[in-house]
Amino acid sequence: MQSVAATVSTMVLKAVPLFSGCQDEQLRVLAAMVTRRSVPRGTLVLNAGDQTDSLYIVLSGRLKVLMSDSDGKEVILSILGPGEFFGEMGLIDDSPRSASVLAIEPCELLSISKRDFKSCLAQNFEMAMAVMKGLVRRLREADRKIGSLALLDVYGRVARLLLDMSESVDGQKVVTKRLPKQDIAKMIGASREMVSRVMKDLQMGGYIEMRGSNILLKDTILLAGE
Ligand code: CMP
């Protein structure tokens, strides 16, 4: 991985949700274990099938979690952002990496070695709970995705994805992060052409409105995403 490493202050660690239950003394111990890295856009931070060595925490930037086959066909499992962590699965069960993780923006990451992570977990119940909560959240998201693949048509899947990716801006739901149609297609198991057609129809039907690079979601889209 192409990256620039640096040391980390306890102030930075305090702002990380995974470490929010740690006492000051624990944060000082952690600061000596954790490395900060800047990685450029396009960096493959983890490669599916590789042996596991570290856990990563996102301080800034976004990364795609993806799986691909030998023909280069991809499915995007998730897009991770600040405060989230990845690489915990292989650390917990000692299996190879379950997916690849690619930086889609320049990222600031923290990494902690497998040995140090395991010794922190053994000593810190709050941190173990934070990891478990993260795993449960992922399982809920995966269940939702399985449900939408089995139960919704492509309109419903696009609508639900847009709702999941949206944030509240002045009381309105808006997708502010760049979300190429190709990536939407890889997240919902449809072709790019189909996603383009559905987005156009949602626009024509008044369910969504394009505002520059933002997508404004109208209340009626809730009906399409149910
Ligand atoms: P690991 O298997 O060690 O390496 C790949 C990582 O991708 C994995 O740990 C998780 O941190 C992350 N990951 C795998 N599946 C998902 C998912 N469905 N949603 C979010 N992150 C995931």
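This report covers the domains, pockets and selected residues of one predicted model.

Residues are numbered from 1 along each chain as its sequence is written, and side-chain values use heavy atoms, with hydrogens and water left out. Local features need pLDDT of at least 70 and side-chain atom pairs count only at pLDDT 80 or more, while totals for chains, interfaces and linings use all residues.

## Domains

The chain splits into domain 1 (4-149) and domain 2 (152-224). These bounds come from an automatic or database domain assignment. The domain centres, taken over C-alpha atoms, are 27 Å apart. Domain 1 gives 12 residues to the contact and domain 2 gives 11 residues. Contact means heavy atoms within 4.5 Å.

## Pockets

Rolling a probe the size of a water molecule over the atoms shows where empty space is left. Here the search runs on a 1 Å grid over the protein atoms alone. A cavity is a set of points where a 1.4 Å probe fits but cannot get out. A pocket is an open set with protein on both sides within 12 Å along at least five of seven lines. Lining residues have an atom within 4 Å of a point. Grid points are joined across faces, edges and corners, and a volume is the space filled by probe spheres set on the points.

| Pocket | Volume | Nonpolar lining | Polar lining | Charged lining |
|---|---|---|---|---|
| Largest pocket | about 1,300 Å³ | 23 residues | 8 residues | 14 residues |
| Second largest pocket | about 170 Å³ | 4 residues | 1 residue | 6 residues |

In these classes, Ala, Val, Leu, Ile, Met, Phe, Trp, Tyr, Cys and Pro are nonpolar; Asp, Glu, Lys and Arg are charged; the others, Gly among them, are polar.

The largest pocket has a volume of about 1,300 Å³. It is lined by 45 residues, and Leu 77, Ser 78, Ile 79, Glu 141 and Lys 145 are the closest to its centre. Two or more lining residues come from each of strand 5 (63-68), strand 6 (74-80), helix 3 (88-93), helix 5 (125-151), helix 6 (154-165) and helix 7 (181-188). Helix 5 gives the largest share, 10 residues. Helices (H or I, at least four residues) and strands (E, at least two) are DSSP runs, numbered from the N terminus. Domain 1 and domain 2 each give at least three residues to this lining.

The second largest pocket also draws at least three lining residues from each of domain 1 and domain 2. Its charged lining residues include Arg 41, Arg 62, Lys 64, Glu 105, Arg 178 and Asp 183. Gly 42, Leu 102, Ala 103, Ile 104 and Pro 180 line this pocket too.

## Buried residues

Buried means under 20% relative accessible area, exposed over 50%, and partly exposed in between (1.4 Å probe, protein chains only).

Arg 97 sits in the loop between helix 3 and strand 8 (100-103). Arg 97 counts as buried because its relative accessibility is 6%. Its side chain reaches the backbone oxygen of Ser 54 at 2.8 Å. Beyond neighbours within four places in sequence, Arg 97 has contacts that include Leu 46, Asp 50, Asp 53, Ser 54, Tyr 56, Gly 87 and Leu 91.

Ile 57 belongs to strand 4 (residues 54-60). With 1% relative accessibility, Ile 57 is buried. Setting aside residues up to four places away in sequence, Ile 57 touches Val 16, Leu 18, Phe 19, Glu 84, Phe 85, Glu 108, Leu 109 and Leu 110. Ser 168 is 111 residues from Ile 57 along the chain, and their C-alpha atoms are 25 Å apart.

Ala 128 lies in helix 5. Its relative accessibility is 19%, so Ala 128 counts as buried. Ala 128 and Lys 118 are 10 residues apart in sequence, with 9.5 Å between their C-alpha atoms.

## Residues with more access

Ser 68 is in strand 5. At 49% relative accessibility, Ser 68 is partly exposed. Outside its neighbours within four places in sequence, Ser 68 is in contact with Lys 73 and Glu 74.

Asp 94 is in the loop between helix 3 and strand 8. Asp 94 is not a glycine, yet its phi is positive, about 60°. Its relative accessible area of 44% makes Asp 94 partly exposed.

Asp 170 lies in the loop between strand 10 (167-169) and strand 11 (172-175). Its phi is also positive, near 50°, in a residue other than glycine. Asp 170 counts as exposed, at 77% relative accessibility.

Methods
A polar contact is a pair of N or O atoms within 3.5 Å; within protein, one must be able to donate a hydrogen and the other to accept it, and residues adjacent in sequence count only if both atoms are side-chain atoms.
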